[in-house]
Amino acid sequence: MIDAILPTYNRADLAFERGEGAWAIAEDGTRYLDLGAGIAVNALGHANPALVAALTDQASRIWHVSNIYRIPQQERLAEMLVEATFADTVFFTNSGTEAAELAIKMVRKYWDAAGEPERIEILTFEGAFHGRSTGAIAAAGSEKMVKGYGPLMPGFRQLPWGDIAALKAAIGPQTAAVMLEPVQGEGGIRVMPDADLREIRALCDSTGALLVLDEVQSGMGRTGRLFAHEWAGIAPDIMMVAKGIGGGFPLGAVLATEKAALPMTAGSHGSTYGGNPLACAVGTAVMGIVAEPEFLAEVGRKGALLRQRLEGLVAAHPAVFEAVRGQGLMLGLRCRVAPTDLVKAGYDQHLLTVAAADNTLRLLPPLTITEDEIAEAVARLDRAATAVEAALPTESHA
Ligand SMILES: Cc1ncc(COP(=O)(O)O)c(C=O)c1O
């Protein structure tokens, strides 16, 4: 008999009752050190007092107002985002997937308004993840996500990850946009080098294609800059944001330049909940903290510290780990074993981590994690790796 919950997830048998900062506390009181943060969502940790105050204050005033009225909380957050980024305008969604849908629609509308409605091809990269809607799975194109869901939305072509020569060969007057994550999350914490991002921007400029960046996982301070593309000194035309922006409250956004967004006139898109006062009150509190240069510098410093300790783990467990990769506090350990074995061994050490593709273990702690917690996390990961190592056939031990 099918479960009451549609069984689309492989869930661990763990249920958390509450959280405090970097700690998730199970129903039996066991404290787990959380290096997953809801997969890069709880950017400011669990039950952050500033976010609890913003949410409860708003909850006591008004929960929901339709977008047929002005929503001052939404206006404030949009202004903060416009002020802090390349963007001239923002549309709020409830998730990253919805942001991806709008980004795709915006690209199509842009070329339609430019008198080239047939210009629909969006170039993406293998290993991409933009969500699970029909448009987002067509954009990513991976067998695992699209199997059984055809026919797919047309207009996407996947290129090998980071293959600039393939991009040069594929891009042309038929290209509507290039869409990518500056750091692939689900794809295995794969960083697009700054020089390549600059080259992609230049290729878009020379052909007129729009550059769409998906910063759902890499954004909101995770890499030590407000958005990861800032490291390369470039700006996209359209950007998707979600996860960290709501700190755990469902919120997403599409940010765009005026030029890219100009055809999106009244009636061209909408959402019942998108930009609701509760979500935007929390989003404003998150932005107020995360966009501060001192906060971002701390993320960079703690990211470097964690990375250095992880390099030590790789050296200590060469049969388990191959390399560290990532940026800031968006880090991955490329494994020589199944990363899910490490996730499970982590549970035994009361440590939460997340597996990703390309044999990678993801570490996405709250950006507020302390130095002591980083040391504790690495000690637990060390014990988890030792347990996995002990279970390996003898000849693969280092
Ligand atoms: C880069 C990226 N884009 C889009 C999404 C989809 O976001 P959501 O699950 O909020 O719909 C995700 C989720 O993991 C993501 O990592």
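Leaving aside its neighbours within four places in sequence, which residues is glycine 131 in contact with? The partners are Gly96, Thr97, Ala100 and Ala136. Keep in mind as we go that this is a predicted model.

Glycine 131 is a handy place to start the tour. You'll find glycine 131 in the loop between S5 and H5, and this glycine counts as buried because 22 other C-beta atoms lie within 10 Å. To get a feel for distances, hop from glycine 131 to phenylalanine 156: the two are 25 residues apart in sequence, and their C-alpha atoms are 15 Å apart in space.

Now for the ligand. Its shell holds 15 residues, and Ser95, Gly96, Thr97, Gly131 and Val216 come nearest. So our starting glycine turns up again here, since a residue counts as near a molecule if its C-beta atom lies within 6 Å of it, and Gly131 is one of those that come nearest to the ligand. Helix H4, residues 96-113, supplies the largest share of the shell, with 3 residues. Sorted by class, the shell is made up of 7 polar, 5 nonpolar and 3 charged residues.

Next, take a look at what the record flags. The unreviewed UniProt entry lists Arg132 and Ser271 under "binding site". Arginine 132 sits in the loop between strand S5 (121-125) and helix H5 (134-140). Is arginine 132 buried or partly exposed? With 16 C-beta neighbours inside 10 Å, arginine 132 comes out as partly exposed. Beyond its neighbours within four places in sequence, arginine 132 is in contact with Thr97 and Ile137. Thr97 is a name we've met already, as a contact of glycine 131 and as one of the residues that come nearest to the ligand.

The other listed residue, serine 271, lies in the loop between helix H9 (258-261) and helix H10 (277-290). Serine 271 is partly exposed too, because 15 C-beta neighbours fall inside 10 Å. Setting aside neighbours within four places in sequence, serine 271 is in contact with Thr93, Asn94 and Glu98.

From serine 271, follow the chain into H10. This helix has 14 residues and reaches 20 Å from its first C-alpha to its last, close to the 20 Å expected at 1.5 Å a residue. H10 is mostly covered, with 10 of its 14 residues buried; among them are Leu278, Cys280, Val282, Val286 and Met287. What does the covering of those buried residues? The elements include helix H2 (49-59), helix H3 (72-84), strand S4 (89-93) and helix H11 (293-316).

That last one, H11, deserves its own look. H11 runs for 24 residues and reaches 35 Å from its first C-alpha to its last, close to the 34 Å expected at 1.5 Å a residue. Val299, Lys302, Gly303, Leu306 and Leu310 are buried in H11, and what covers the buried residues of this helix includes strand S13 (321-327), S14 and helix H13 (371-390).

S14 takes us over to the strands. Strand S14 (residues 330-335) is joined to S17 by 4 bridges, and the two run antiparallel; leucine 331 stands opposite leucine 363 in S17. Strand S16 (residues 354-356) also runs antiparallel to S17, with 3 bridges joining them, and here valine 354 stands opposite arginine 362. S16 and S17 form a hairpin with 3 residues between them, and aspartate 358 in the turn has a positive phi of about 60 degrees. As for the side chains of S17 (residues 360-363), Thr360 and Arg362 point one way, Leu361 and Leu363 point the other way, and all are buried.

A few backbone oddities round things off. Most residues other than glycine have a negative phi, and most peptide bonds are trans. Alanine 40, though, has a positive phi near 65 degrees; this residue lies in helix H1 (residues 37-40) and counts as buried because it has 25 C-beta neighbours inside 10 Å. Methionine 220 also has a positive phi, near 55 degrees. Look for methionine 220 in the loop between strand S10 (210-214) and strand S11 (238-241), where it is buried, with 27 other C-beta atoms within 10 Å. Finally, the peptide bond from glycine 150 to proline 151 is cis, with omega near -5 degrees, and proline 151 belongs to the loop between helix H6 (143-146) and strand S6 (156-159).

Conventions
Residues are numbered from 1 along each chain as its sequence is written. This is a predicted model: local features need pLDDT of at least 70, side-chain atom pairs count only at pLDDT 80 or more; totals for chains, interfaces and linings use all residues. UniProt positions are given in the numbering used here, feature names are shortened, and annotations may be inferred rather than shown by experiment. A residue is buried if 20 or more other C-beta atoms lie within 10 Å of its own, exposed if 12 or fewer, and partly exposed in between; C-beta atoms are placed from the backbone. Two residues are in contact if their C-beta atoms, placed from the backbone, lie within 7 Å. Ala, Val, Leu, Ile, Met, Phe, Trp, Tyr, Cys and Pro count as nonpolar, Asp, Glu, Lys and Arg as charged, and the others, Gly among them, as polar. The expected span of a helix is 1.5 Å times one less than its number of residues. Two strands pair if DSSP finds at least two bridges between them.
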